[in-house]
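Let's take a friendly walk through this structure, one part at a time. Keep the 3D view open and turn it as you read.

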Amino acid sequence: MLWPADYHSRWTLADEVSLAGKGLHSGLTSRVTLAPSTSGGLSMGLTNASPVPLHHHLVREQPLCTAVELPTGLVRTVEHLLAALTGVGISDVQIHVEGQEIPLLDGSALPWVEAVAAVGLQPLEGQRSRSVVRETICIRAGDSHVLAFPYEGLRFSVAVNYPSQAVGQQFYEVELTPEQFVEQVAPARTFGFRNQLDALRSAGLIKGGSLHNALVCDDRRWLNPPLRFANEPVRHKLLDLIGDLALAGCFPQGHVSAYRAGHALHTQLAARLAVPCSASPTAPNR
């Protein structure tokens, strides 16, 4: 599969494709059908409802995931799917969801990328509108933060710091392109810590999680190796960030940096960077 060179042009799917599986938190099976679109941007609809454009104002706070409120209901855990679509360069697509949560699949964005590759991409006319980071944006919560700096390209830097020796301190930085996303980010799986599992399940979360769709570690080691990358956890944090920033409409021109950040900070940054994602021959508007 030859992916787009960058994120400037508009692309959609060449055909429909569907995947089904269990949701991470609900444990219920759902099905997602991705369909070509030329309307400008990503849109999502539940069951037979018409899809609506996805944007940051649809985000609703939920534990350990990003959720969007559609006219006919809430859809949880959208981040991996949105990361896959925007990461490979898709600008226009309709997402039809049968269920209340996006399937977790193997815990990464790779199954979605493979589904897209199976049907291929179709170019569309026009260029995307993009925001340009012209001054530093900083959003903090305790010792966690996300930053956006002026930069001529599109660069991401992510760092994490966990007490577990299996993860510890990790850092990953990339000049993002669709090819780099597919090879270096999409395969990174979600992860968790064994000493938190019982509390999360008692809270009604991770009902669909298992050692088959998430990496799990204790204080010193991984319970289900091997890892796909030595620093797979921090790469997955980047995957989450990319998926959450999809709700800004388009990737910005700039350098985005995150330290110990989660979905709440990611989506706050998406709101600051938001721009309508549609075909436009004009210069960036920010």
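Strands, like helices, are DSSP runs numbered from the N terminus, and a strand here has at least two residues; two strands pair if DSSP finds at least two bridges between them. With that in hand, please note that this is a predicted model.

Now look for strands β11 and β12. They make a hairpin with two residues between the strands, and in that hairpin Gly142 takes a positive phi near 65°. Strand β11 covers residues 137-141 and is joined to β12 by five bridges, the two strands running antiparallel. Within this ladder, Ile139 stands opposite Val146 of β12.

How is β12 joined to β17? Five bridges link them, and here too the strands run antiparallel. Ala148 faces Val256 of β17 across this pairing. Strand β12 spans residues 144-149, and five of its six residues are buried, so β12 is largely enclosed by the rest of the structure.

These strands belong to a wider arrangement. Strands of a sheet pair through backbone hydrogen bonds, either parallel or antiparallel. Five strands form an open sheet in the order β11-β12-β17-β13-β14, with mixed pairing. At its edges stand β11 and β14, each with a single partner strand, so one side of each has no neighbour in the sheet. On average, neighbouring strands of this sheet are turned by 5° against each other, direction ignored. Helix α6, residues 263-273, lies across β11, β12 and β17 and runs at about 155° to β11.

There is also an open sheet of three strands, in the order β6-β7-β8, with antiparallel pairing. Its edge strands are β6 (59-62) and β8 (73-75), each of which pairs on one side only. Neighbouring strands in this sheet are turned by 35° against each other on average, direction ignored. Strand β7, residues 65-70, is joined to β8 by three bridges. Which residue of β8 is the bridge partner of Glu69? That partner is Leu74.

Let's move on to the helices. Helix α2 takes in residues 110-119, and its buried residues are Pro111, Trp112, Val113, Ala115 and Val116. They pack against several elements, namely β1, β2 (17-22), β3 (29-36), α1, β10 (121-127) and α3 (178-185). After α2 comes Gly120, which has a positive phi near 85°.

In α3, the buried residues are Pro178, Phe181, Val182 and Val185. Why do they lie on the same side of α3? The arc they cover around the axis is only 120°, which places them on the same side. The cover over these buried residues includes α1, α2, β14 and α5.

A small residue to find next is Ser91, in the loop between α1 (79-87) and β9 (92-98). Is Ser91 buried or exposed? Its relative accessibility is 3%, and residues under 20% count as buried, so Ser91 is buried. Leaving aside residues up to four places away in sequence, Ser91 touches Arg10, Trp11, Gly41, Leu42 and Arg128.

Finally, turn to the aromatic rings. A pair of aromatic rings is described by the distance of the centres and the angle of the planes. The count comes to five aromatic pairs. One of them is formed by Tyr7 and Phe251, which meet edge-to-face at 4.9 Å centre to centre, with 80° between the planes. This pair links distant parts of the chain: Tyr7 is in the segment before β1 (9-13), while Phe251 is in the loop between α5 (232-245) and β17 (254-259), 244 residues apart. Tyr7 is buried, with a relative accessible area of 5%, and Phe251 is buried, with a relative accessible area of 5%.

Tyr162 and Phe193 form a tilted pair, at 5.1 Å centre to centre and 45° between the planes. Tyr162 lies in the loop between β13 (154-161) and β14 (169-175) and Phe193 in strand β15 (residues 191-193), so the pair ties together parts 31 residues apart in sequence. Tyr162 is partly exposed, with a relative accessible area of 22%, whereas Phe193 is buried at 13%.

Ring pairs also link Tyr7, Phe156 and Phe251 into a cluster. As a last stop, find Arg235, which lies over the face of Phe229 at 4.1 Å from the ring centre.

Note on methods:
Residues numbered from 1 in each chain as written. Predicted model: local features only at pLDDT ≥ 70, side-chain atom pairs only at ≥ 80, totals over all residues. Heavy atoms only, no water. Helix = DSSP H or I, 4+ residues; strand = E, 2+ residues; numbered from the N terminus. Axes fitted to C-alpha atoms, helices over the stretch in contact; angles between N-to-C directions. Phe/Tyr/Trp six-rings, centres within 6.5 Å; stacked < 30°, edge-to-face > 60°. Buried < 20%, exposed > 50% of the residue type's maximum accessible area, 1.4 Å probe, protein only. Lys NZ or Arg CZ within 6 Å of the ring centre and 35° of its normal. Contact = heavy atoms within 4.5 Å. Arc of directions from axis to C-beta.
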